[in-house]
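Grab a viewer and work through the exercises below with the model open. Try each task before you read its solution.

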Amino acid sequence: MTNDKAAYLKSVALKVREHIIGLSVGGGCFIGASLSCVELMVYLYAEFLNIDKGDLSNPERDYLFLSKGHDVPALYGTLVETGFMPVEKLANHLRSNDSVYWHPNTNIPGVEFHSGSLGHLPSVASGVAYDCKIRNQKNRVVVITGDGELNEGSVWEALLVANAYQLNNLTLIVDRNQFQANIRTEDLIPLEPLADKFKAFGCRVTRIDGHDFVSIEKALSSIPDTNDKVNVIIADTIRGKGLPSIEARADRWFCAFTSDEAGQLSNELHTNKKTAVLESETLIVR
Amino acid sequence: MNYEALLIQTALADERIIVMTAENRALVKNIPAALGNRFIDTGITEQTMIGMAAGLALRGRIPIVHALAPFLTMRAFEFIRTDVGIANLPVKLSGYIPGFLSDGNGPTHQAIEDIALMRGIPNMEVFAPADEDDLVKMLPAIWGSNAPAYVRVNHKAGTFIHAAFEPGKAEVIATGSDITLLVYGFLFDNALHAKEILEQQGLSVGLINMRTLKPADEQAIIQSALNSRLLISIEDHLNSGGLYTIIAETLLRNRLSAHVFPLAIHERWFKPALLAEVLEFEGFTPEKIAEKILNEFQQPKKYSNA
């Protein structure tokens with residue numbers, strides 16, 4: 001990756017994080033899980049996915065399915081910064097005059113399928129991947145799941161079936177941010193050794209730093225055309241990445257901040273120093 | 001023509017159709033050879049089958065999916081509701097051995113709440129053919145529409161030759177001024193024979209094969225309420241959420257009141273046994289249906305003209 005490209009992608013990621021902070025004001029959002037997958041989302045839309053903004057229903061397009069739907073602020077921010085969505089739409093967050101709410105839905109141009117209920121899109125994406133395959137089309141189908149989402153048996157069920165049908169055009173990216181809601185995954189339902197689990201299910205597995213664009217590019221560009229396995233990329237990430245006050249904290253899951261707090265967080269984003277004083281309560285259940 | 005022959009014929013004529021099963025091949029034994037990669041067996045994975053069906057439908061396909069009715073409608077319920085219902089995709093659900101047809105399997109295999117569950121999903125249409133003849137007359141319209149649909153499959157041969165199918169319209173076999181029997185699915189044949197027994201007692205008896213439970217034929221229900229003194233709903237389903245409920249909702253919505261006597265399963269699962277014994281034990285043979293209706297109808301003064 002050239003330095004120019006890396007710098008450009010970093011600048012896009014910074015803007016996406018600004019949007020996420022903005023969406024945490026008012027009704028709030030799942031800020032931590034959104035911040036952890038920013039680099040993944042930015043790389044996919046800016047560099048990897050072959051999607052023509054002017055022809056969103058082109059049957060030869062690549063597909064992105066956001067299975068961990070509660071990180072949709074990262075998607076909204078990325079869609080804005082890559083030109084899929086007008087920035088004005090973000091002002092409609094949680095308003096009844098639009099469909100910019102806490103989970104993805106197809107009223108947002110560019111969103112392929114709704115999510116929110118965890119463990120659904122690995123199977124939906126498998127259906128799409130199967131159809132692309134039997135039509136001999138080269139579309140790539142990518143699913144982003146959470147790590148807590150891997151508790152759902154339907155994820156593993158879909159992998160069994162997808163591997164049975166050798167859906168090598170399907171790639172599952174796990175946003176491995178170590179948390180599910182307000183608990184560390186390893187303290188509740190331990191997932192490690194996670195790569196071994198996916199391998200045992202027949203997948204081709206790579207594990208990368210999910211905040212490093214070079215690693216993301218390498219992982220995605222090295223997916224072979226000729227293998228017969230579902231590709232899994234375990235992306236190690238930090239929940240709340242970019243905002244030292246909320247990074248890797250179990251209590252910063254769903255957050256609704258004041259404008260003043262958002263300003264302080266924005267300052268953290270640019271200085272990378274833990275300076276914000278956050279008094280807004282964190283909601284334990286949403 | 002049977003279910004599978006019709007399915008092969010329809011799928012060969014329409015590239016959009018993909019036939020799927022969650023390792024229940026009773027209805028689709030010859031499909032793999034006929035359709036090649038347009039047949040997908042996902043193994044014992046009702047949820048994944050439905051999720052994949054939604055994905056295939058996103059690509060312009062019309063998946064016709066097969067599983068035992070209880071596992072299809074209950075194990076995969078949230079996938080049907082969330083992936084098929086919310087997206088309003090043309091996924092066609094074929095539920096095998098619903099209701100009493102699970103005979104000796106026991107309560108795990110009894111789909112007696114499937115109508116209630118499926119009609120509770122916005123956009124979902126619900127159909128229950130009376131027998132194989134009815135089934136093959138109904139399926140072309142069901143598979144040809146763009147709506148998600150649940151079919152309570154009954155492919156048993158019947159004795160009755162049914163009329164052509166019109167979606168949303170019941171098949172009115174006969175009208176009667178005393179009693180009208182409203183029935184769907186497998187119990188149609190027994191209702192038909194119960195009607196004959198009741199007529200031998202000098203009663204004027206109507207019979208309606210509902211065929212479509214959602215959207216139900218409201219006019220057929222209203223007309224029978226206006227024309228008969230007593231309506232009987234007959235179903236191998238819990239008496240909550242099925243035809244009895246549909247009749248009640250229809251009457252309420254149209255500000256009508258009528259006597260309605262339900263023959264259904266109440267607040268329990270039915271006795272598992274060979275089908276003939278189930279019908280005997282649960283009181284759904286033609287003779288027992290007629291007997292229960294006569295007992296009700298002959299209650300002093302309840303249904304008299306006076």
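Here come four short exercises on strands, cores and contacts.

Before you start, note that this is a predicted model, where local features need pLDDT of at least 70, side-chain atom pairs count only at pLDDT 80 or more, and totals for chains, interfaces and linings use all residues. Residues are numbered from 1 along each chain as its sequence is written, while chains are lettered from A and ligands numbered from 1 in the order in which they are written.

**Exercise 1. Work out the strand order of the open sheet of 5 strands in chain B, and find its edges.**

Step 1. Pick the strands: they are DSSP runs of E with at least two residues, helices are runs of H or I with at least four, and both are numbered from the N terminus. Two strands pair if DSSP finds at least two bridges between them.

Step 2. Walk along the pairs. β7(B) meets β9(B) in the antiparallel sense over 3 bridges, with B:V172 partnered by B:I208. β9(B) is also joined to β8(B), this time parallel, by 5 bridges, and there B:L182 sits opposite B:I208. Further along, β11 (residues 230-238) of chain B runs parallel to β12(B), with 5 bridges between them; B:L238 has B:I265 as its bridge partner.

Step 3. Put it together: the order is β7-β9-β8-β11-β12 (chain B), with mixed pairing. β7 (171-174) and β12 (260-265) of chain B each have a single partner strand, so they stand at the edges and one side of each is left without a neighbour in the sheet.

Step 4. Add the helix. α8 (residues 188-200) of chain B packs on the sheet and touches β8 (179-183), β9 (205-209) and β11 of chain B, its direction making about 175 degrees with that of β9(B). For such angles, axes are lines fitted to C-alpha atoms (for helices, over the stretch in contact), and values run from 0 to 180 degrees between N-to-C directions.

**Exercise 2. Decide which faces of β9(B) are covered.**

Step 1. Count neighbours: a residue is buried if 20 or more other C-beta atoms, placed from the backbone, lie within 10 Å of its own, exposed if 12 or fewer, and partly exposed in between.

Step 2. Sort by side. B:V205, B:L207 and B:N209 lie on one side, B:G206 and B:I208 on the other, and all are buried, so both faces are covered.

**Exercise 3. Find where the largest nonpolar core lies in relation to the domains of chain B.**

Step 1. Build the core from buried Ala, Val, Leu, Ile, Met, Phe, Trp, Tyr and Cys residues joined through C-beta atoms within 7 Å. The largest one has 178 residues, and B:L182 and B:M210 are among those that touch the most other members.

Step 2. Check the contributors. Helix α3 (residues 46-58) of chain B gives the largest share, 8 residues. Domain 1 (3-152) and domain 2 (171-297) of chain B both supply residues, so the core lies between them; the bounds come from an automatic or database domain assignment.

**Exercise 4. Describe the side of chain A that touches chain B.**

Step 1. Call two residues in contact if their C-beta atoms, placed from the backbone, lie within 7 Å. That gives 17 residues of chain A against 22 of chain B.

Step 2. Assign the elements. α5 (121-134) and α6 (153-164) of chain A each give two or more residues, and α5(A) has the largest share with 9.

Step 3. Split by class: 8 nonpolar, 7 polar and 2 charged. Here Ala, Val, Leu, Ile, Met, Phe, Trp, Tyr, Cys and Pro count as nonpolar, Asp, Glu, Lys and Arg as charged, and the others, Gly among them, as polar.
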